[in-house]
Amino acid sequence: MKSRVDIAGITGITEITNSPDSTTGTKIASGRLYGIGVGPGDPELLTLKALRLLKSAAVVAYQAAEDHDSVARSIVAPYLTGEQTEVCFHFPRSLDPQTAKASYDQAIAPIADHLTAGRDVAVLCEGDPLFYGSFMYVFTRLSGQFDTEVVPGVSSPMACASALGVPLSYQNDIFSVLSATLPDAVLAAQLLNADAVVIIKLRRHFAKVREVLDRLGLLSRAKYIERATTTAQRIVAIDQVNADQVPYFSMIVVPSKVQL
Ligand SMILES: C[S@@+](CC[C@H](N)C(=O)[O-])C[C@H]1O[C@@H](n2cnc3c(N)ncnc32)[C@H](O)[C@@H]1O
């Protein structure tokens, strides 16, 4: 259904979206929200759909740490048109849920403003948007108000297994994703419970994880990789890794027990 709209100075024919007007309950026209998975690092690992939607969006938004460039933006930099409005937002590291929640609301407010004004917004997310992705905080806040589409991306466990050249999981294998931030007792229990595992968010937790793997007799199966698929990719024997220099974009892969 098409309708004539005039929102924030934009007049034109715009597709009616599923955005309810909170005061009247009627639908208002607005831009579309896209969650774009940009893959693990290699710009060629973007899907064709992600590329098309990225190029056609009026606004491109991405999350970045306060003192860093956005990794997701750097992956798609070759494809940006130069004509798009860019929105960089920061998420807090607060552990207090109430403080964090309020900061998330504030961080994504500019995205909501662009959507309300009728502009499509492509929110970039490293890897896949709904797999430990920063886009999820945008999605939970805005997908109820604005027409939303999520474009899946190549996720880091798949990228790391491919770059390492290891078959990850077969047949009835139980495959687990563990965060290195978990207590070592939890890591140990989950490692024993699974046939194949990836361990993410290593950074300063690397030494603890390596010690747990060693204790469980899994060290010989475990493989370490950092910045998979980028030009800075490094694969290092796990006993050679300097625990003080493990970057955030690193992973340990413990492939399937049985390689058929
Ligand atoms: C918050 S999660 C984001 C996952 C992402 N949405 C995905 O689908 O891969 C971040 C963790 O993913 C892993 N990761 C993401 N990209 C990576 C890469 N290119 N190489 C190695 N590990 C990566 C790291 O363990 C990092 O700490």
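**Exercise 1. Locate L46 and decide whether this residue is buried or exposed.**

*Solution.* L46 sits in the loop that runs between β4 (33-37) and α1 (48-56), where helices (H or I, at least four residues) and strands (E, at least two) are DSSP runs numbered from the N terminus. The model is a predicted one, in which local features need pLDDT of at least 70 and side-chain atom pairs count only at pLDDT 80 or more, whereas totals for chains, interfaces and linings use all residues. Residues are numbered from 1 along each chain as its sequence is written.

The next step is to count neighbours: L46 has 21 other C-beta atoms within 10 Å and is therefore buried. The cut-offs are 20 or more other C-beta atoms within 10 Å of a residue's own for buried, 12 or fewer for exposed, and partly exposed in between, with C-beta atoms placed from the backbone.

Leaving out residues up to four places away in sequence, L46 touches V38, G39, L51 and V76; contact requires C-beta atoms, placed from the backbone, to lie within 7 Å. From C-alpha to C-alpha, L46 and G153 are 7.0 Å apart in space, although 107 residues separate them in sequence.

**Exercise 2. Describe the largest nonpolar core and find which element gives the most to this core.**

*Solution.* A nonpolar core is a set of buried Ala, Val, Leu, Ile, Met, Phe, Trp, Tyr and Cys residues joined through C-beta atoms within 7 Å. The largest has 33 residues, and those with the most contacts inside it are I36, V38, V121, A122, V123 and L124. Elements that give two or more residues to this core include β4, α1, α3 (97-116) and β7 (121-125), and β7 gives the most, with five residues. Apart from neighbours within four places in sequence, A122 is in contact with Y34, I36, L53, L54, A57 and V60. A second, separate core has 29 residues, including L178, V212, L213 and I225.

**Exercise 3. Explain on which side of α7 its buried residues lie.**

*Solution.* In helix α7 (residues 206-215), the buried residues are F206, V209, R210, V212 and L213. They cover an arc of only 160° around the axis and therefore lie on the same side of α7, the arc being that of the directions from the helix axis to the C-beta atoms. As background, an α-helix has 3.6 residues a turn, so residues three or four places apart point the same way. The cover over the buried residues of α7 includes α6 (184-193), β10 (196-200) and β13.

**Exercise 4. State where the ligand lies relative to domain 1 and domain 2.**

*Solution.* The ligand is surrounded by 23 residues, of which the closest are G127, S155, S156, I200 and A228; a residue is near a molecule if its C-beta atom, placed from the backbone, lies within 6 Å of it. Two or more of these residues come from each of α5 (156-164), β11 (223-226) and β13 (250-254), and α5 gives the most, with three residues. Because domain 1 (2-154) and domain 2 (157-254) both give residues to the shell, the ligand lies between them; the domain bounds come from an automatic or database domain assignment.

**Exercise 5. Characterise Y132, whose phi is positive.**

*Solution.* Most residues other than glycine have a negative phi. Y132 is not a glycine, yet its phi is positive, about 50°. Y132 lies in the loop between β7 and α4, and with 16 other C-beta atoms within 10 Å it is partly exposed.

Key: Contact = placed C-beta atoms within 7 Å.
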